[in-house]
Amino acid sequence: MITFAKWKLAIFGIYLVIGAVFAVVFLAIGIARVDPAAKGSPIGFRLLIFPGVVALWPYLLSRWIGGEHAPRTERNSHRDGSGGADQ
Amino acid sequence: MSLTYGAIGWNRQKKIYDLVLACGIVLYLSLFIGLGAWLNPGATVETLLIRGFGTCALLLLHIVLIIGPLCRIDARFLPLLYNRRHLGVTTFIMGLAHAGLAIFQFHALGDLNPFVSLLVSNTRFFSLPDFPFQQLGFGALVILFLMASTSHDFWLANLSAPVWKRLHMSVYAAYALLIAHVTLGVLQAETNPLLAAALGAGLASVISLHLVSGSREVRADSHSSLSSFDGAGEFVDVCSVDEIAEKRARIVTLAGERVAVFKYDGKISVLSNVCQHQNGPLGEGRIVDGCVTCPWHGFQYLPDSGASPPPFIERVPTFRVKVDGGRVLVNPRPLPPGTRVEPARIDANASG
Amino acid sequence: MNEYKPDEFYIGYLPHTPSGVGRRLRMIVTGLLVLTVLTAVVLVLGQQRLRTGIFEFGDVRTFEGLMLARPIPVLLVARPGITGKLPVHSRYFIVAPGKHGADDLVGVFHYRQVKLKGTLVYRDGITMIEVVPDSIEAMPSNETRAQLPSIVARERRLHGEQVLTGEIVDSKCYLGVMSPGEAKPHRDCAVRCISGGVPPMFVVRHQNGERTLLWLMDRDGASVGNAVLDLVAEPVEITGEVRQEGDELFLRSDPKTYRRAPQISQHKER
Ligand code: HEM
Ligand code: FES
């Protein structure tokens, strides 16, 4: 029980450490590639999203690797039915 | 919405909002801790702080949760919605203070890492009265963290709206976990019915307000669902021109979703009712400076094209519309978001 | 009075709120503040008045006496000018800082006269010292040591086999380091403390609100320690032999025979 809990925590900790390292790099250079609107954004903004980047780094990494693309919009029957829904 | 992101987009209203919020929290904590220390001299400072922060977070969460349905019931609550994300982040911070102190108080300075201790100290998963309630609180804290840390508009854009909204719907899971955290935790020892009643009242208000606002929506939709096609079988008669107030809209359901029929400057334009930002009801907004303005956070769309004025990029589907004999006729086939449609002129077709 | 014009429209990023909306908003905010005050008051009034154990946090004193490291670390300090029926010693139970017992700290001083520094914790007639590690020093022996066996024998009372229902707590928190230091919310902490070597204790609550505190020992008189972790902070029934040494009560029983008792509303009677 205790060993199992220690393993879980160790894995969780490693995930967060990788996330923290990733976040520093991502906020310095990756972010502008993933979201053009973040180009030249202030340091305060980058600090504010830091915790989220640490937590969700695999997602942002995949977006970074996948290159720049416009965010998905939500679907609803009007957008679907219009045929011309964005992406 | 904006061109580049800023840290926190404070404006006058948000500053007032945050100031009131801060005062409310100081008021609550000083009352809880001050009164608590006076009436209950046996309690240690740590206990008072842990309880103060925990209950403060739970109170804030209740307010966060009832704002939505209250706004659906009465538009005058909308100012509370405008800056709700600061309320949410504050809820998380209070919860974090509570959890941090609790983990230190109950798990630190022992023979195990405090976080390991949190996971293994109580394993009575099959007993309700003895259930490991602290782990429920931990689950709630993780959810509140994910919501708070993704509250910036950057995340709405980059997680994409559907994912972001699903993530933020998990606030209800956090709420359920916290109700269990308190019921299976402190209420197992604190047996005064006043406390259970307070929690029950909170739960009841959250549930009943959601039921009331939800059933109103359903009723409104069923009244506004249309099926009667006009002679050509292409346009639907949705309402009469006179039923719509100037610079306002009427909401009807067409093609499986609500549309907003706006009247302004002698013209009629029809947009999908669903704001691209967070699904706010555009038809409950109004025309301001020539733009349809969402009642929730003020995103704007040009009524004839459903596109936000440059430099903004949001767009919603539009609908072809004509006015005939004082009646508004709408083609139920949605056009691609941002498609310009010639507004129907009212005067040319005025019935009388 | 409340002139809300349906045409008013709130836009958060504009500097001013329309007057009707603003007026209603002030009412709503006032309402929320009243709710805030009410909630705070109701929650404070609804909580139990906590009984006061005392932890003289920050107040370090010096003690001298005979150290008995086993079965439960305790310092016997001679009562000055004792006559009559009172035991000739005060017993100060010894624990370490944090969630730790003192066995490792005091082991080498077993049955020796010592001087030590520590902070007092006391409640319901039981006193404990949170010892400052490394502050224990051996002192020249005095006559207490020689007399002890006969004194202990004289002060021992046997109360026979009994069936008791109560709650297992960790003695340190219960006696005053935490308040509350018992019941469900405190369960994890008690587990941590007992696991760290703080001796477990049995609290029996009586109808009249009084409590009896007993140290939990196995049949051989050793502290039960970790064997009780799974039963902490729950109603438990223990059948065992009750012994008294001086003012202290000890409940001797095989921890394997402890049974969960049905949930009784025992926490109410305070
Ligand atoms: C790791 C996360 C958490 C832990 C370890 C934790 C632990 C605890 C503990 C030990 C208590 C009982 C304290 C006492 O009264 O003696 C408690 C009560 C409570 N918790 Fe949590 N909690 C956590 C997260 C949360 C969160 C996120 C919230 C709310 C947003 C919350 C709200 C409450 C409330 C309202 C109470 C009842 C009042 C009180 O007794 O303090 N908890 N929690
Ligand atoms: S939902 Fe946020 S502005 Fe429309």
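**Chain contacts, rule by rule**

Mentor: Between chain B and chain C, the count is 28 residue pairs in polar contact, both residues at pLDDT 80 or more. Polar contact here means an N or O pair within 3.5 Å; within protein, one atom must be able to donate a hydrogen and the other to accept it, and sequence neighbours count only if both atoms are side-chain atoms. Keep in mind that this is a predicted model, where local features need pLDDT of at least 70, side-chain atom pairs count only at pLDDT 80 or more, and totals for chains, interfaces and linings use all residues. Residues are numbered from 1 along each chain as its sequence is written, chains are lettered from A and ligands numbered from 1 in the order written, and side-chain values use heavy atoms, with hydrogens and water left out.

Trainee: Which elements give two or more residues to the side of chain B that touches chain C?

Mentor: They are α1 (12–39), α2 (45–73), α3 (78–82), α4 (84–107), α6 (133–149), α10 (193–224) and β5 of chain B. α1(B) gives the most, with 11 residues. Those names are DSSP runs numbered from the N terminus (helices: H or I, at least four residues; strands: E, at least two).

Trainee: How do the residues of that side of chain B divide?

Mentor: Into 35 nonpolar, 26 polar and 11 charged. The classes are fixed by residue name: Ala, Val, Leu, Ile, Met, Phe, Trp, Tyr, Cys and Pro are nonpolar, Asp, Glu, Lys and Arg are charged, and the others, Gly among them, are polar.

Trainee: Why are B:D130 and C:R187 called a salt bridge?

Mentor: The rule asks for a side-chain nitrogen of Lys or Arg within 4 Å of a carboxyl oxygen of Asp or Glu. The closest N and O atoms of B:D130 and C:R187 are 3.8 Å apart, so the pair passes. The rule finds four such bridges across this interface.

Trainee: What makes C:R192 and B:D111 a salt bridge?

Mentor: Their side chains meet at 2.9 Å, N to O, which the rule accepts. The pair crosses between chains, from C:R192 in helix α5 (187–195) of chain C to B:D111 in the loop between α4 and α5 (114–120) of chain B. Over all chains the count comes to 32.

Trainee: How much area do chain B and chain C bury between them?

Mentor: About 5,800 Å², 62% of it on carbon and sulfur atoms. That's the accessible area (1.4 Å probe) the two parts lose on being put together, summed over both. In chain B, the residues that lose the most area to chain C are B:Q13, B:R76 and B:F106, together 12% of what that side buries.

Trainee: Which chains have the most contacts among the two pairs that touch?

Mentor: Chains B and C. Contact means heavy atoms within 4.5 Å. Chain A and chain C do not touch, as their nearest C-alpha atoms are 13 Å apart.

Trainee: How many residues does the contact take from chain B and from chain A?

Mentor: 46 from chain B and 40 from chain A. The area buried there is about 3,400 Å², with 67% from carbon and sulfur atoms. B:Y5, B:W155 and B:N158 lose the most of chain B's area to chain A, together 17% of what that side buries. The interface has zero salt bridges, yet 12 residue pairs in polar contact.

Trainee: What makes β5 and β7 of chain B edge strands?

Mentor: The open sheet has three strands in the order β5-β6-β7 (chain B), with antiparallel pairing. β5 (286–288) and β7 (300–301) each have a single partner strand, so one side of each is left without a neighbour in the sheet. Pairing needs at least two DSSP bridges, and β5(B) pairs with β6 (291–293) of chain B over three. B:I287 stands opposite B:V292 there.

Trainee: Where does the domain assignment of chain C put its domains?

Mentor: Domain 1 is 54–153 and domain 2 is 156–269; such bounds come from an automatic or database assignment. Their C-alpha centres lie 21 Å apart, and 25 residues of domain 1 are in contact with 29 of domain 2. The two domains share three salt bridges. C:K172 and C:E130 also meet in a salt bridge, at 2.8 Å, N to O.
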